[in-house]
Amino acid sequence: MTDPAFLGIADAAEMIRGRRLSPVAFTEALLERIVRLNDRYHAFIRVTPDVALAAARQAESEVAAGGWRGPLHGIPFALKDVIDFAGMPTTAHSRVLIDNIAAADAAVTARLKAAGAIMLGKLATHEFAIGGPSFDLPWPPAVNPWGGANFPGGSSSGSAVALAVGMLPAALGTDTGGSVRNPASMCAITGMKPTYGLVSRRGVFPLAYSLDHVGPMTRSVRDNALLLQAIAGHDEEDPGSARLDIPDYSAALQARVGRLTIGLVRHFYAEDMQAHPEQAAAIEAAAGVLERLGARVKEIRLAPLAEYATCARIIIRCEAYAIHRRWMAERPGDYGAIARQRILDGAVMSAADYIDAQRLRARLTRRTLAVFAGIDAALTVSGMDPTCRLDDAEACARIYSRQARQPFNVTGQPAMALPAGFTRSGLPLSLQLIGNPFQEAVLYRIAHAYERATGWSEHRPPELARQDGQEGPGKTPVPGQTPGKAPTEASTQLRGTGSP
Amino acid sequence: VAEAAGLARLEDKHLAQLACSAETGRELSGALPKDLNWSEEMAPTFRLPPRAGR
């Protein structure tokens, strides 16, 4: 069988359809890999082999009988542990919800099941998608395979790490202030925060209702388009859900970018904040690549980053506290220190502040969309910095806040992060593309052209190659990268001690 | 503040966190724009479904 570790959705789907890849063998191989690597990377907090193999056997028999359902049929995936899978715990990586069993599938879970996809398990997250990386929780934080023992970003950290180390081809994350795009950026994978309302949030534990999004995370743009196709669509039971026809995102990949106008938001990383020089250079280089592909790139100005950040931070504080205040009153000690701090932040905000933040949001959205009326998409940084050591709490907090992702949670526009190179020391760099509302297809079109022109998505963490020497088609980005530690002994025990 | 918020079970270390929250909350509140006009409504996150046709 083809090495399954870095087999993407599109390629695997073709092989499954042609009966050249067995969903059962594919699933078994990934389960074995998870068991072998999870003690080092902590991407999964729960693996569900029985559920996975039952679904894989069903997919295999359906395909054999001529009942191929589509590109997700027989494709393994996993869920950030804020997303419900009926009968399985949804813990939000927290002691607070350690015994919480989901009564029903989240809407996105139901859609993936209906598409024939195969659930492998639940993925690590920052506690309640807000507090991390933390070492005082029931499970340890996920570890970035790039550069030894680094911060993978968050809060959808397990989703990004699992993709980066070849444990699966598809994962879902959530994004309230950048939590799909941040780990995508740190782990050199691709993450899309769709337009607010495109993907249902029903059955997903909320962080902040009016800013929450569910998004697809994959290694390639093409796979991301396939995964979004499977989860997008109206849901009567999500009050924020939009009612619209879903386009064929994969068809958009074939179109050229030649006639598109792309706005470069340089002031985010050159004036409002000063990005790491290699990160800033990566965006300038990406602008050059897009120009060579025929796009027209012109500099644009949006509101200062600080205005979006003030707006987003107040809304997140207030909405999150409203969700948690009963538990915070009754059992504050069950939260990890970081989540407790961030949730308590909402206890001291006034109702007037919250309302003014929402009024500011309307103003920012109106002004931002006025600028976007003259362009097809925008290019800027995702974060200002490459990753840092996971055990350096101060550095993690600092780089988490030095970012340009929150503006598009405030405005609800689609925004995606994808690899844009590597630092001289071998750490991932990334870019962010932002579109007009419900124009995800335009972002995929640009991202796919850029990905094909640069090949950044094909690079794999060097320490993986050193660990088992048989990884797929990936390339090592630069020579001389700091080696990672050897993997610990394989184990099926996934619950950590919670200590560093 | 903790009592007013109904947070009677906070321990000393939690109260220190709350004090930190109050400080950053004041900073955030102070950073809100002062020129919001009364006519600028909050973002519409509440929508009524259209009436079903007969």
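The following exercises, with worked solutions, concern helix packing and the contact between chains A and B in a predicted model.

Residues are numbered from 1 along each chain as its sequence is written, and chains are lettered from A in the order in which they are written. Local features need pLDDT of at least 70 and side-chain atom pairs pLDDT 80 or more, while totals for interfaces use all residues; side-chain values use heavy atoms, without hydrogens and water.

**Exercise 1.** Determine how α11(A) and α1(B) are oriented to each other.

*Solution.* Step 1: locate the helices, which are DSSP runs (H or I, at least four residues) numbered from the N terminus. Helix α11 spans residues 305–330 of chain A, and helix α1 spans residues 12–31 of chain B.

Step 2: take the angle between the axes (lines fitted to C-alpha atoms over the stretch in contact, with angles from 0 to 180 degrees between N-to-C directions). The angle is about 135 degrees, and the axes lie 10 Å apart. α11(A) is therefore oblique to α1(B); angles under 35 degrees count as roughly parallel, over 145 as roughly antiparallel, 65 to 115 as roughly perpendicular and the rest as oblique.

Step 3: list the residues in contact (heavy atoms within 4.5 Å). From α11(A), A:Thr310, A:Arg313, A:Ile314 and A:Arg317 meet residues of α1(B) including B:Ser21, B:Thr24 and B:Leu28.

**Exercise 2.** Describe the interface of chain A and chain B.

*Solution.* Step 1: count the contacts. In chain A, 35 residues touch 30 residues of chain B.

Step 2: state the buried area (the accessible area, with a 1.4 Å probe, that two parts lose on being put together, summed over both). This area is about 2600 Å², and carbon and sulfur atoms give 59% of it.

Step 3: look for salt bridges (a side-chain nitrogen of Lys or Arg within 4 Å of a carboxyl oxygen of Asp or Glu). The rule finds three across the interface. A:Arg363 forms a salt bridge with B:Asp35, their closest N and O atoms being 2.9 Å apart.

**Exercise 3.** Classify the packing of α4(A) against α7(A).

*Solution.* Step 1: helix α4 covers residues 107–114 and helix α7 residues 221–231, both in chain A. Their axes come within 8 Å and cross at roughly 110 degrees. α4(A) is therefore roughly perpendicular to α7(A).

Step 2: A:Val108, A:Arg111 and A:Leu112 in α4(A) meet A:Leu227, A:Ala230 and A:Ile231 in α7(A).

Notes:
Helices (H or I, at least four residues) and strands (E, at least two) are DSSP runs, numbered from the N terminus.
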